[in-house]
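Dear colleague,

I am handing over the structure below, and after it I set out what was found. Please read the notes with the coordinates open beside them.

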Amino acid sequence: MSNWTTQAPPPDPEVTNPDPIITVDDYAPIARRLLTPEAWDYYDGGGGDEITLRANCEAYRRIKLRPRVLVDIANCDLSTVVSGSRVSMPILIAPMAYHGLAHSEAEMASVEGARLAQTLMVSSINSSRTLEQIAAYRHGPLWQQLYFGPDRAATLNLVGRIERAGYQAIVLTVDRPVSGMRTRDLRNRFKLPTGVRAANFGDADRSLDAICAATWEDLSWLINSTTLPVMVKGILTGEDASRAAEMGAAAIMVSNHGGRLLDSVNASIDSLKEVVLAVSGRCDVYCDGGIRRGTDVLKALAIGAKAVLVGRPILWGLAAEGAQGVARVLEILRQELRQAMMLAGRPTINDIDPSLIGGF
Ligand SMILES: Cc1cc2nc3c(=O)[nH]c(=O)nc-3n(C[C@H](O)[C@H](O)[C@H](O)COP(=O)(O)O)c2cc1C
C-alpha cells in the first residue's frame, strides 16, 4: 500500500468543530428532538396550508441589498431605543404562549435570556407563569402582550395588574378575533399537557379558546384607560396602521402572528413598507415573522422597522438550553447583524435607510 493511502483522513468538520450551532436554524432540530411531537407542532405550525408561515421566511430571501463600500466602520453600534426603552440591539423577543412546553423554567428562563442579551421580551398574556412572577424576575424593560378580555371589566382587571407589576408597555394583539385553524394541532387534537397552563387565568384551557372580537372603539377605550403606552400588534395594512396611529397607538407591530392565523396573508415583511408610509413617523413601527438571519433584521430596518421581534427561534433555544439557549439565539442574530451592517457600510442603526434595499 502506498504511503499516502495510510495518511490520516482530512479533518471531519463535525469532529473538529464540536459546536454544531452556527445559525439559529441549527437549534430547530435539537428542539424537535427534545419536545413531544405535539408540542413541536404547536410551536412550529401555522394556519391552514401554512402558506403564510412559509412566505414569512421566503420573502426575506427575495429582498436584495445595495451595500456601500469604503465606509469607516470602526465604531459599529447596534444599540437603540425602542419606545423609550434602551436595548443593546434592535432584536426583541416576540410574545409567545406557554414557554412551559419548552422548559421547566418557562418564561423565567426566557426573561433571563433577554437580560443576558440586554434586550427586552414581550411576555404573552397566555404565559405559563403569572405576569407578576415574570415581572418580579426581570432585570430590564419588559412589555406585556394582551388580548381583549371577554368584557371591558376583565380587560381592565388585567391592565391594572400589568401596571402594578411594573411593565413599561402594553402590546395589544388585534389579529385574533377568532382562533386560527392550525391544521397540525387539529390533527393532533392538541391539548396542553398537565402542568402547563395559562397562569394568568383561573382554569387550565380557558385562554386557548376564550377570544374576544374587539373593535376600534375598544382600542380607543383601552388607550384612554391606561397610563401605559399601548402598542398594536397584528396590523398588515396602511389603512389600519394609519387609523391606529391616529388614535394614539404608541407603536405598530406589523405581524401575521407567525403565519398562525389567517392563511394566505402577505409575509409580514411585504406589508412593512405600506405601514411605514402610512404611519409617516407618527409612531414607531416594528415587524416580526420569519426573522432567522442578521440580514433579515437589516432588511426590516432598511424598510423602516425600528426593531424586529423574533418568535420560534427563541423557543428552540429555550427548549435546548434554557436561558443560555435563548441568549445564544439572540447572540447569533446580534453577530450576524453586526457583520451584515459592517459589510453593507452601515455601521450604526441610524445609517440603515431605504437606499440599502436593492430589489425584491
Ligand atoms: C407558539 C407560538 C405562540 C404564540 N403566542 C402568541 C401570543 O400569545 N400572543 C401574540 O400576540 N402572538 C403570539 N405568537 C406570535 C408571535 O408573537 C410572533 O408574531 C411570531 O411568532 C413571529 O414569527 P416567527 O415565529 O416566525 O418569528 C405566537 C407564536 C408562536 C410560534
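Please keep in mind throughout that this is a predicted model. To begin with helix 3, its buried residues pack against four other helices, namely helix 2 (27–34), helix 4 (51–62), helix 8 (183–188) and helix 14 (312–343). The buried residues in question are Ala39, Trp40, Asp41, Tyr42, Tyr43 and Asp44, and because six of the eight residues of helix 3 (residues 37–44) are buried, this helix is largely enclosed by the rest of the structure.

Turning to the nonpolar cores, the largest one has 102 residues, and those with the most contacts inside it are Ile91, Leu101, Leu146, Ile252, Ile269 and Leu272. Helix 14, with 14 residues, gives the most to this core. Another core, of 15 residues, lies apart from it and has Leu92, Ala94, Ala251 and Tyr286 among its members. As for Ile91, if its neighbours within four places in sequence are left aside, this residue is in contact with Thr119, Val297, Val308, Val310, Leu330, Leu333, Arg334 and Leu337.

Finally, there is a helix pair to look at: the axes of helix 11 (residues 238–247) and helix 12 (residues 268–279) come within 8 Å and cross at roughly 35 degrees, and the crossing is right-handed. On the side of helix 11 the contact is made by Gly238, Glu239, Ala241 and Ser242, while helix 12 contributes Glu274, Val275, Ala278 and Val279. Sorted by class, this contact has four nonpolar, two polar and two charged residues.

With best regards

Notes: Residues are numbered from 1 along each chain as its sequence is written. This is a predicted model: local features need pLDDT of at least 70, side-chain atom pairs count only at pLDDT 80 or more; totals for chains, interfaces and linings use all residues. Side-chain values use heavy atoms; hydrogens and water are left out. Buried means under 20% relative accessible area, exposed over 50%, partly exposed in between (1.4 Å probe, protein chains only). Helices (H or I, at least four residues) and strands (E, at least two) are DSSP runs, numbered from the N terminus. Contact means heavy atoms within 4.5 Å. A nonpolar core is a set of buried Ala, Val, Leu, Ile, Met, Phe, Trp, Tyr and Cys residues joined through side-chain atoms within 4.5 Å. Axes are lines fitted to C-alpha atoms, for helices over the stretch in contact, and angles run from 0 to 180 degrees between N-to-C directions. A crossing is left-handed if the near helix is turned anticlockwise from the far one by less than a right angle, and right-handed if clockwise. Ala, Val, Leu, Ile, Met, Phe, Trp, Tyr, Cys and Pro count as nonpolar, Asp, Glu, Lys and Arg as charged, and the others, Gly among them, as polar.
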